[in-house]
Amino acid sequence: MYKIMTAGPSQVRQNVRDARALPCTNPDIDPAFYDFYHETCALLSKALHTDQTAFILGGEGILGLEAACASLTEPGDRVLVIDNGIFGKGFADFVKIYEGVPVLFTTDYHEPVPLNALRAYLQNDHDFKYATVVHCDTPSGVLNDVEAISRLLNSYGIMVVADSVAGMFGEPLDLGKSCIDILCGGSQKALSCPPGLTMIWVSDRAFRAMEERKTPIRSFYANILAMKNYYKDQWFPYTMPVSDINGLRQALDNFLDDPDVFDRHARIAGAVRETVRAAGLSLYLRSGMSNTVTVINVPDGITDRELLKEMAEDYNILISGCFDVLAGKVVRIGHMGESCNRPDVADTLCAMQKVLEKHGIRLKCDMKQTFLTLTK
Ligand SMILES: *Cc1c(COP(=O)(O)O)cnc(C)c1O
């Protein structure tokens with residue numbers, strides 16, 4: 001078994017695996033399951049400080065992104081796609097599939113979305129049904145201030161879809177202080193479940209927009225409106241993956257029982273960044289690094305594939321490469337959720353150093369020792 005230190009999926013705690021092995025009911029028929037699902041969704045809302053309704057959807061995190069666009073977009077709708085990363089830009093594809101018109105607001109991928117530039121842009125053009133934005137854009141690791149961005153968009157009456165799949169539960173997010181109409185999350189990042197579930201938090205305004213559509217939502221599986229009355233009607237549009245949801249509930253309880261979660265992410269991520277710089281390696285970002293992932297430029301003398309392969313084969317540790325415009329340029333250490341622990345991060349840095357040195361790349365410090373000292 002590899003030690004999973006990727007930018008998601010993350011490690012899964014034993015009690016979550018045990019919860020996934022509990023006996024199964026029939027979730028379509030058993031009223032106790034509706035209560036359990038309902039209670040779990042209420043805890044998801046509590047975890048993000050909101051009374052906005054949460055839902056768990058049977059499908060990996062991408063489902064939430066597509067469902068948000070499928071449910072809100074009507075043909076011809078203009079949608080502001082805030083593009084300062086690969087996932088950010090990717091929203092344009094979902095908007096197009098549902099025949100909306102994506103308008104890209106593109107900013108430098110090396111730093112978070114500058115609020116002033118967005119404010120100036122909106123002064124000239126704010127005729128958008130909704131906007132999309134990513135909290136932690138995992139390929140670069142940039143962390144956007146989605147709370148402030150959503151409030152700015154709301155001041156123009158623009159609805160907001162936010163992807164916090166790789167932010168939530170590792171980075172603080174107060175949905176109650178935001179104006180996010182559909183927030184998307186996934187099970188396999190900082191919440192530390194296996195992949196397979198999407199979580200969404202939906203505002204009343206978003207439900208109204210879906211109800212007031214002139215054309216029907218062009219999807220069955222990605223239709224958020226179909227979930228709205230599940231509890232009153234005791235009916236789900238498709239059979240819920242009960243074992244996945246049992247696991248998610250345990251992971252959520254783990255999160256809610258751990259007052260140190262955000263501090264731990266900040267401590268470990270801060271020390272990883274400092275260690276990487278002290279070693280003479282360079283970070284992809286100039287500012288705005290998320291505490292869930294560290295993105296490191298591939299140094300001269302090795303390729304990303306060699307580094308990943310040798311860390312896996314010789315040290316049993318999986319880290320991530322990247323894709324799209326960052327393919328081959330960076331490698332990523334995920335320190336989110338259960339993977340965000342001192343011994344595993346120390347081992348990862350140690351293995352990285354050994355592989356780099358084997359390729360003749362000299363580092364300026366002992367990364368493991370530096371990291372352990374910084375986190376003592
Ligand atoms: C992981 C992730 C998703 C889900 O995408 P997969 O590539 O299928 O894992 C969506 N958005 C962000 C920002 C993510 O990090």
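**Pairing, packing and salt bridges**

User: What makes E2 and strand E10 (residues 197-202) a pair?

Analyst: E2 and strand E10 (residues 197-202) are joined by 6 bridges and run antiparallel. Two strands pair if DSSP finds at least two bridges between them, so the 6 bridges satisfy the rule. Within this pair, isoleucine 56 stands opposite methionine 199 in E10. Strands (E, at least two residues) and helices (H or I, at least four) are DSSP runs, numbered from the N terminus. This is a predicted model, in which local features need pLDDT of at least 70 and side-chain atom pairs count only at pLDDT 80 or more, while totals for chains, interfaces and linings use all residues. Residues are numbered from 1 along each chain as its sequence is written, and side-chain values use heavy atoms, leaving out hydrogens and water.

User: What is the order of the open sheet, and which are its edge strands?

Analyst: The 7 strands follow the order E2-E10-E9-E8-E5-E3-E4, with mixed pairing. Strand E2 (53-58) and strand E4 (101-106) are the edges, since each pairs on one side only. From one strand to the next, the twist averages 20 degrees.

User: Where does H5 pack, and what angle does its direction make with that of E4?

Analyst: H5 lies on the sheet and touches E3 and E4, its direction making about 140 degrees with that of E4. H7 also packs on the sheet, touching E2, E8, strand E9 (182-186) and E10, at about 95 degrees to the direction of E10. Contact means heavy atoms within 4.5 Å; the angles, from 0 to 180 degrees, are taken between N-to-C directions of axes fitted to C-alpha atoms, for helices over the stretch in contact.

User: Why is helix H6 (residues 146-154) called mostly covered?

Analyst: In helix H6, 7 of the 9 residues are buried, among them Val146, Ile149 and Leu153. The buried residues pack against strand E3 (78-83), helix H5 (115-124), strand E5 (130-134) and strand E8 (159-163).

User: How do you know that glutamate 74 is buried?

Analyst: Buried means under 20% relative accessible area, exposed over 50%, and partly exposed in between (1.4 Å probe, protein chains only). Glutamate 74 has 9%, and is therefore buried. Lysine 129, at 22%, counts as partly exposed.

User: What makes glutamate 74 and lysine 129 a salt bridge?

Analyst: A salt bridge is a side-chain nitrogen of Lys or Arg within 4 Å of a carboxyl oxygen of Asp or Glu. The N to O distance here is 3.9 Å, so the pair qualifies. The pair links distant parts of the chain, 55 residues apart. By this rule the count comes to 22 salt bridges.

User: How do you know that aspartate 347 and lysine 3 meet in a salt bridge?

Analyst: Their N to O distance is 3.0 Å, which meets the same limit and therefore counts. Aspartate 347 in helix H12 (residues 342-358) and lysine 3 in strand E1 (residues 3-4) are 344 residues apart. Lys3, Asp344, Asp347 and Lys368 are linked in a network of salt bridges.

User: Why is tyrosine 221 called partly exposed?

Analyst: Its relative accessible area is 39%, and therefore falls between the two limits. Tyrosine 221 lies in the loop between helix H7 (204-211) and helix H8 (230-233).

User: What do Phe220, Tyr221 and Trp235 form on the surface?

Analyst: They form a nonpolar patch with about 360 Å² of accessible area together (Shrake-Rupley method, 1.4 Å probe, only the protein chains shown counting as cover for residues). Patch residues have over 30% relative accessible area and no salt bridge; like charges are joined within 9 Å, and nonpolar side chains (Val, Leu, Ile, Met, Phe, Trp, Tyr) within 5 Å. Tyrosine 221, at 39%, therefore passes the area limit.
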